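Colleague: Could you take me through how the strands pair up here? I would like to hear the reasoning behind the labels too.

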Amino acid sequence: MRVRRVLSTSLLLLGIAAAPAAADSSPSASPSGDSAAPTQAGTSFRTATEIEQGQQATASGSTGDYLYWSFPADAGQRPTVKATVKLPEASTRHAGQTWQLDVYDGLRRRQACQYGAQTRTAAQDAASVELACTMRTVRSWSETWANDPLPGTYYVRLTVTGLQASDLGLPVGAEVKVDSKDIGGAAAVDGSLAKPLVPGIATSAGKSDSGSGSSTAVLSSIEPDDGWASGWWSDRWVWTAIGGILAALAGIGGYALTRGSGRPSRVPPGV
């Protein structure tokens with residue numbers, strides 16, 4: 001009976017401990033409403049338009065422009081960037097167009113996509129083209145020589161890479177949205193960055209003490225809702241606790257099976 005009570009209590013603890021792990025593996029929630037979503041894009045890394053994850057940003061431009069956005073990504077997240085390009089009227093185009101979606105980190109290193117159509121060619125009569133890039137999971141720390149995604153600002157660049165010269169300058173529209181899935185402890189590593197990779201994206205003009213003009217770097221204002229390095233908690237803690245409980249149960253079960261029924265009644269005491 002005692003062993004049965006211990007097993008029942010342990011199973012109850014396992015159920016309670018597994019609940020945070022299940023919640024941690026669900027996709028991150030998107031902000032409700034796009035009332036404040038940007039309606040324009042930057043033309044370079046330094047002027048990239050900031051967007052939050054879950055927002056659907058829009059922009060208008062001309063065929064041949066480079067369109068830039070930036071968004072924050074923290075450790076444990078696997079961002080997916082999706083873009084839709086609304087092409088000019090088919091009657092104004094002379095051939096198909098090839099569009100490409102690139103993602104760069106805070107050090108402006110191009111990040112590889114695990115999957116997704118990063119480059120697509122639209123036929124001459126196509127009304128739009130859709131692109132997608134699912135990045136690798138953002139790590140909290142990495143070797144200096146590695147190209148792993150790290151917490152900080154990420155840049156999205158959308159541009160056309162193949163078209164006839166006569167189609168340059170035609171008006172286009174773009175929609176970009178970033179969502180992330182929280183991977184949890186499966187991607188956790190030992191170590192963390194001292195600061196996220198959030199470089200200066202702009203400069204503000206000012207005057208120094210001598211009266212001469214000067215420029216001051218302005219850091220990115222976007223960050224995760226609950227702050228950087230919000231992924232310090234992961235389901236690795238949960239599964240470590242579960243492993244300890246299972247080891248204790250194995251010890252109790254082994255003792256219960258090997259101790260026997262005690263001293264036989266026919267054996268006198270002291271023998």
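Modeller: Happy to, and do keep in mind that this model is predicted. Take Thr 84, which has Glu 175 of β10 standing opposite.

Colleague: How do you know that β4 and β10 pair?

Modeller: Two strands count as paired if there are at least two bridges between them. Strand β4 (residues 77–86) and strand β10 (residues 171–182) are joined by 10 bridges in the antiparallel sense, so they qualify as a pair.

Colleague: Which sheet do they belong to?

Modeller: An open one with 5 strands, in the order β2-β10-β4-β8-β6 and with antiparallel pairing.

Colleague: What makes β2 and β6 edge strands?

Modeller: β2 (56–62) and β6 (113–115) each have a single partner strand, so one side of each lacks a neighbour in the sheet. From one strand to the next, the twist averages 30°.

Colleague: And what is the order of the sheet that holds β1 and β7?

Modeller: That open sheet runs β1-β3-β9-β5-β7, and its pairing is mixed. The edges are β1 (49–50) and β7 (119–122), because each has a single partner strand.

Colleague: What makes β5 and β7 a pair?

Modeller: They share 4 bridges in the antiparallel sense, and at least two are needed, so the pair counts. One of the β5 residues, Thr 98, has Thr 121 as its bridge partner in β7.

Colleague: How many of the residues count as buried?

Modeller: Of the 271 residues, 37% do; the cut-off is under 20% relative accessible area.

Conventions:
Residues are numbered from 1 along each chain as its sequence is written. This is a predicted model: local features need pLDDT of at least 70, side-chain atom pairs count only at pLDDT 80 or more; totals for chains, interfaces and linings use all residues. Side-chain values use heavy atoms; hydrogens and water are left out. Helices (H or I, at least four residues) and strands (E, at least two) are DSSP runs, numbered from the N terminus. Axes are lines fitted to C-alpha atoms, for helices over the stretch in contact, and angles run from 0 to 180 degrees between N-to-C directions. Buried means under 20% relative accessible area, exposed over 50%, partly exposed in between (1.4 Å probe, protein chains only).
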